[in-house]
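Work through these exercises with the model open beside you. Try each task before reading its solution.

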Amino acid sequence: MLKKTSSLKYLSFGKSTSFLTCPRCFIVPESSLQYKGAFLICKSCKQKYPIKKRVLQLIYPGALSRQVRNELSGNEIPLTRKNIERFATKDKWSKYYNHFVDQKINYLMEGLGHRNFRGIISLGSGPGFEIKEILKKRHFPLVFSSDLAPSATSIVPYTLSNANTTVCLFTSDLNYVPIIPNKSYPILIYEALHHTKSSLKTLERMMQKKYFDIFFVEPCTNFFIRFLAKLGLAQRVEYSGVRPDFIDLVKVGELAKKYKYKLHLNTIWDIPEEYIRRICKEGSWVESVLLIIIDLSSKVGNLLNWGSFAIVHLQINETRSGYRIYSPRK
Ligand SMILES: C[S@@+](CC[C@H](N)C(=O)[O-])C[C@H]1O[C@@H](n2cnc3c(N)ncnc32)[C@H](O)[C@@H]1O
Ligand SMILES: [Zn+2]
């Protein structure tokens, strides 16, 4: 049964400007946004960002690249009752899929550790699947959920209908993140970075903005994955029509060094379900054996950071200080 709200609360639009700034001007640490009527308006560039169905539309239309426009149309979900129900309950889709989700979320929880974070900011979060998973394990009083697609973002209240938290929903482009760096609010990107034209460039832009903690969970590449990609067995065109950009962990390490971030890295092998289904049925003993082999490979591979998925925590080096205005407009 569809339920939009129960214990879920919303951050007031006025208060959202303590956390969000204009994606075009990126003025920090004081936001240039002002809440007026049905808009957030930038005091600097005068851009008006509408608020529709409780979702702050923080995308500056002039900066959308062709790739992002394609991605946007590929991710628009018609908001039928059936679709809402389906996407709000992604955690019930497949036991096989959840086997790997559990591993990714567990590594994330380790990274979030006992740090006194007051909330979490999830980007590219679609209907908020990963937030639901995280909230099953740890309470965060304030949660930000953002995606390129407004329709996906408007499903989040259904996904989190049983969560006891406060949410702030906004649309944003990962290349123009409108978040004011805040030590108490780590950024999480779960399986969305690979939808950008260049995962590394998008990540670098975020590091330039000096976010304190960036977590991401993404498919990664190495010589073996590159070989599979050449055979057409990996990195294939996705549901949205975009060829994914799997992240190179060696290059992530180089960026971390350049921008003075500590890098915490875990990898797992996650084999897409469609491949496994060619060999065996769901719940069969063959599947159980294969999962044991895959998990063993993950454990061994992790020692060398060799896998098909990476769970990464980039933590700013505390000796860095001060803000500079980074203008993505150029
Ligand atoms: C594979 S889905 C993942 C959604 C969610 N994190 C999950 O695991 O269910 C990828 C998401 O990335 C979003 N996305 C793609 N390009 C983006 C961009 N440039 N900025 C923000 N989000 C983007 C899509 O709209 C889509 O919801
Ligand atoms: Zn502005």
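**Exercise 1.** In this predicted model, find the helix that holds glutamate 274, and decide whether glutamate 274 is buried or exposed.

*Solution.* Start with the place: glutamate 274 sits in helix H11, residues 273-276. Next, count neighbours. Glutamate 274 has 7 other C-beta atoms within 10 Å. A residue with 12 or fewer is exposed. Glutamate 274 is therefore exposed. Finally, take a distance: the C-alpha atoms of glutamate 274 and isoleucine 293 are 17 Å apart, with their positions 19 residues apart along the chain.

**Exercise 2.** Place phenylalanine 223 in its helix, then classify phenylalanine 223 by its C-beta neighbours.

*Solution.* Phenylalanine 223 belongs to helix H9, residues 223-230. The count inside 10 Å is 8 C-beta neighbours, so phenylalanine 223 counts as exposed. Now look across to phenylalanine 140. The two are 83 residues apart in sequence, and their C-alpha atoms are 39 Å apart in space.

**Exercise 3.** Describe how helices H4 and H5 cross.

*Solution.* Begin with the general approach. Two packed helices are described by the angle and the distance between their axes. Here the axes of H4 (residues 95-112) and H5 come within 10 Å and cross at roughly 60 degrees. H4 and H5 are therefore oblique to each other. The crossing is right-handed. Then list the contact: H4 brings Val101, Ile105, Leu108 and Met109, while H5 brings Glu133, Ile134 and Lys137. Sort these by class: five nonpolar, two charged, no polar.

**Exercise 4.** Which residues are closest to ligand 1, and how many surround it?

*Solution.* The shell around ligand 1 has 21 residues. The closest are Asn75, Gly126, Leu148, Ala192 and His195. Next, trace the helices. H2 (66-75) and H5 (129-137) each supply at least two shell residues. H2 gives the most, with three. By class, the shell has eight nonpolar, seven polar and six charged residues.

**Exercise 5.** Check the backbone at proline 29, lysine 210 and lysine 260.

*Solution.* First, the expectation: most residues other than glycine have a negative phi, and most peptide bonds are trans. The bond from valine 28 to proline 29 is cis, with omega near 5 degrees. Proline 29 lies in the loop between helix H1 and strand E2. Lysine 210 has a positive phi of about 65 degrees, in the loop between helix H8 and strand E10. Lysine 260 has a positive phi near 60 degrees, in the loop between helix H10 and strand E12. Finish with exposure. Lysine 210 has 18 C-beta neighbours inside 10 Å, so it counts as partly exposed. Lysine 260 has 13, so it also counts as partly exposed.

Terms used: Residues are numbered from 1 along each chain as its sequence is written. Chains are lettered from A and ligands numbered from 1 in the order in which they are written. This is a predicted model: local features need pLDDT of at least 70, side-chain atom pairs count only at pLDDT 80 or more; totals for chains, interfaces and linings use all residues. A residue is near a molecule or strand if its C-beta atom, placed from the backbone, lies within 6 Å of it. Helices (H or I, at least four residues) and strands (E, at least two) are DSSP runs, numbered from the N terminus. Ala, Val, Leu, Ile, Met, Phe, Trp, Tyr, Cys and Pro count as nonpolar, Asp, Glu, Lys and Arg as charged, and the others, Gly among them, as polar. Axes are lines fitted to C-alpha atoms, for helices over the stretch in contact, and angles run from 0 to 180 degrees between N-to-C directions. Angles under 35 degrees count as roughly parallel, over 145 as roughly antiparallel, 65 to 115 as roughly perpendicular and the rest as oblique. A crossing is left-handed if the near helix is turned anticlockwise from the far one by less than a right angle, and right-handed if clockwise. Two residues are in contact if their C-beta atoms, placed from the backbone, lie within 7 Å. A residue is buried if 20 or more other C-beta atoms lie within 10 Å of its own, exposed if 12 or fewer, and partly exposed in between; C-beta atoms are placed from the backbone.
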